[in-house]
Amino acid sequence: MRLIELEINNFRVLKQAKIEFPESVIGIIGRNGAGKTSIIEAISWAIYGNQAARTGKDQIKSSFAGPGEECRVSLKFKVRGEEYQVIRRLIGKSDRAEVELYRGGRSESVGIIDTKDHVGELLGLDLKGFLTSFMARQQELNALADLQPARRKDHLAMMLGVEKLDKAISTAKEDARQFGKDSEFLERQLAEKSSVETALAELKQSLVTVQEEFEVSETALKESMAVKDKTAGLFKAEQEKKSSYDLVQVELGSTKSRLETVQGELSKRKQELVDLQKQAELLEPITEELKGLEGCRERFDHQNELRLKAESVESSMRLLKSQKEDLAQLEAQIAVLRKEEIAARAEIAAIPANIDEQIGLAEKELGEARDNYGLARGTSEANRKEIEKLRNQLNSVEKLGPGSICDRCQRPFGDEYSSIKAHLEAEVAELAEKQRELDKSLAVILSGGEKLKQSVQELQRQGKRKAELDLGLKGTVRGIEEAETGCRKLKDSIGPLEEAVKKESKIPFDPAILEKARKELDRQSSLQRELSRVQGMLSQRGKIEESIAALARQMGELTRLRQETELKLKELDWNPDAYTVAASEFERGMAEFEQAREKHTILSSRIGGLQAELQGKKERLADFERASQELDRSRDQGYHIEKLASLMTEYRTITISQIRPTLADLASQLVSEMTGGKYSMVDLDEKYNLRLLDYGEYFEVNRFSGGEKDLASLCLRLAISQMLTRAAGLDQSFILLDEVFGSQDNERRDLIIDSLGNLRASFPQIVLITHIDELKHRVETLIEVETTENGWSQVKCNGQIS
C-alpha cells in the first residue's frame, strides 16, 4: 500500500490542507499540539471511520467550522498497482456520516457498512492491524528494547494478532465445558425413565377400570331418560289445561273492569248535561252588559295615544340636553388637542430629520468594532492557552528532573534537560510579552466600543422618540378632525330638536283617566271571554246526548259477554291438586336424570384425563429417547471440540515458535540495509533476548551504543510491520514513524536519520512525525504544521501553504 494524496477540510484543528506523499523520506514537523497527530488520524479516519478517532464524533469536526460547513477527508492510495480514493464526510446539523470508495475514478462502494466491507477485503486488516503494520511509535521501540524477555515475547504476540487465536482457543474450551454440562443435564433427565414406565402401566390399568364404570352409568342414564320423558308428557298436559283456565280468568276480569269503566263514563256524561242547562241561564245577562264594549275601547285608545305623545316630548327633551352636554365636551377636547399638536411639532423640529441614516451609520461602525474585538479576543485566548500549555510542560520537566524519564518517549532527559527547559522558558517569555501587547490592544478597542455603544443608544433613543411623536401627532390631528365633525353634526341636530320640543310642550294627558279606562276595558274583555266559553259548551250538547246513548248500548253488550265467560270457566273443570301431583312427579324424574347424567359426564371426563395423561407419559418416553440420542451427540461434539482446542493450542505453540526466526530474518535484512552491512544479523534467542551479530559473535543490544540499540529496535519493529502486511497480501510501501527520536542526543538521532535513507528498497515512503525543529533540513520532503493567530492550524508543504 502506498499513500498518494490527503485532502483535509475542518478536521480537528486543521481547517484546510492538501498534502502529497512522494516516494522519499517525509518529515511532518511542528510543535506539540499543533496538529501533527491530526494528519495521521485523518488517514486512519478516512479508511476506518469513527473507531479510528481519539474522541467522540462530536469532537471530530473542527470547532472553527461554520454552521453550514462540512468535515471532509479525502485519501488517495495505491494497492496492488490500482489507485483508490476514499472520501469520508460529516454533514448537516447532526454531523451525519457519509463515505464513498472509488477505484480508478469509478465508484466502488457507498455507505458506511458497504465501504467497511470493501476496505476489509481490500486491505485484509482491521484498524489495530493497520496501525501495527504502518505506524511505529517511540513507546513500542522502547518496549521492544527494554522489556524483560518473557514480556517481550507476549508483546510481540499481541502486536502480531496472536491474541485472536487465544480467543478462539478460549471459546473452544468454553464450548467443550458447555457440552459437558449439557451431557450431565441429559444424564439426570434419563435417570427418571424407569419411574415414568411404571406410571404408564398403572395408568393403563386405571383406564380399564373407569371404562367399565362408564358402561354401567350409560345404561342407568338411558333408563332415567325414559322416566323423565314420561313424567314430562303428563306435566305438559296439566300445564296446557292450567294455561287455558288462566286465559279465561284474565278475560273475565277484563270484561268486569270494562263494564265498571263504562258505568262511570255514563254517569259523568249525564252530569255534564245537567251542568249545561245551568250555563244556558247565564247567557242573557252577559249579552246585555257587553253592549257598551265598543265605547269603552274607543276611550282607552284615545287616552293611550295622548300618553305616547307625552312620552315622545319628554324623550326629545332628554336627548336635547344630552347633545348640548356632548357639544360642550367636544369643544373642550378640541382646545386640549390643539395645544398637544403645537407641543409635538415643536419637539419633532428639535430632532434631526436624517436620524435614521445617522443610526444606521453608527450601528455599522459599532458592528465593525465588535468584530475587531472578537478577533482580538480570540487571538488573546489562543495565546493564553498556549502559555498555559507551555507552563504545564515546563512544570512537568522541572518536577521530573534531568535523571527522570520523558512521559512521551520513555527516554531519560540526560544532557538535553537544560536545553529543553531553556527552550520552554524562552517560548513562555515570548508569548507572555505578546499577551501584554494583546491585552493593551483589547483595552483600547473596548474603550472605543463603549463610546460608540453610548452614541448609538442616544441616537436610537431620539429615533424612537421621533417615531413616537410622528405617530402621536397623526393621532392628535385625526382626533381634532373627528371632534370638529362631531360638533357640526350635534349643532345640525340641536336646532330642529328645540323647535319640536316647543311645538309639542302642552298635551292634555292625565294618567288617572288612562288607568280608569284600562280597568273598564279589562272587565268588559273578561265578560266577552266568559260569553265565548258558555257558547262553546252549549254547542257540545248534541254530542253529549249521542255519547250517553252509545254508552248505554255498550253496557248491555259487556253484561252479555261477562255471563258467557263465567259459563266457559265452569266448563273447563281444572283441578289444582292434579297439577301439583304432575309437577312433583316431573321434578323427581328430572332430578334422577340429572344425577345419572352428571355421573356419566364425570366418568367420561376421567377417561379423557387418563387418556391425556397416558399420552403425556408416552410423549415423555419419546423425549427420553430423543434425550438419549442428544446425549450421544453432545458427548461426541464435546470430544471433538476438546480435540480442536488441543490442536489450536499446539498450532499456537508452533506459530509463536515460527515468529522468532521469521522476525529475526526480516530484521536482519533491514539492519543490514540501514547500517550499510556493518551489522548483518539480528537474533531473538529462545528467551526472546534481542541480539546483534558483531565480528562473528552475537551480543545483547544493551552492550551496544544507544543509537545502535535504537536501530536494532527499529528494525525489529519494522519487521513486525512487514510480517503483518505480507500476511494481508499487501506491499509494504510506507511506514509512519511517530516521535521515534524521543530525548536522544544529536549523535543517536543523526545515526537513525542517516540510516533511514538505506531502507528505500523496503519502504519507498518513510514518514517521520516529530516536534524536533532541527530535523527540517534532514528530510527530503518537509511538511510543517503551525498554529495560526486565529487558533486553527495550517500546513506548509516545502514552504508553501497547502
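**Close-up 1. Cys487 and Cys296 in the predicted model.** Cys487 has a relative accessibility of 8% and therefore counts as buried, in a structure that is a predicted model. Cys296, at 1% relative accessibility, counts as buried too, because buried residues are those under 20%. A disulfide is a covalent bond between the sulfur atoms of two cysteines. The structure holds zero disulfides, a count that covers Cys296 and Cys487 along with every other cysteine of the model.

**Close-up 2. The crossing of helices α7 and α12.** Two packed helices are described by the angle between their axes and the distance between the axes. For helix α7, which spans residues 193-280, and helix α12, which spans residues 511-538, the axes come within 10 Å and cross at roughly 140°. That angle makes α7 oblique to α12, and the crossing in which α7 passes α12 is left-handed. On the α7 side the contact is made by Leu276, Gln279 and Ala280, while α12 contributes Glu530, Arg533, Val534, Met537 and Leu538. Sorted by character, the residues of this contact between α7 and α12 comprise five nonpolar, one polar and two charged.

**Close-up 3. The surroundings of Met674.** Met674 is found in helix α14, which covers residues 576-674, and with a relative accessible area of 2% Met674 is buried. Apart from its neighbours within four places in sequence, Met674 is in contact with Leu711, Leu714 and Cys715, and also with Ser755, Leu756, Asn758 and Leu759. One of these partners, Leu756, is 82 residues away from Met674 in sequence, yet the two residues are 6.2 Å apart in space, taken from C-alpha to C-alpha.

Technical notes
Residues numbered from 1 in each chain as written. Predicted model: local features only at pLDDT ≥ 70, side-chain atom pairs only at ≥ 80, totals over all residues. Heavy atoms only, no water. Helix = DSSP H or I, 4+ residues; strand = E, 2+ residues; numbered from the N terminus. Buried < 20%, exposed > 50% of the residue type's maximum accessible area, 1.4 Å probe, protein only. Contact = heavy atoms within 4.5 Å. Axes fitted to C-alpha atoms, helices over the stretch in contact; angles between N-to-C directions. Parallel < 35°, antiparallel > 145°, perpendicular 65-115°, else oblique. Left-handed = near helix turned anticlockwise from the far one by under 90°. Nonpolar A, V, L, I, M, F, W, Y, C, P; charged D, E, K, R; others polar. Disulfide = S-S within 2.5 Å.
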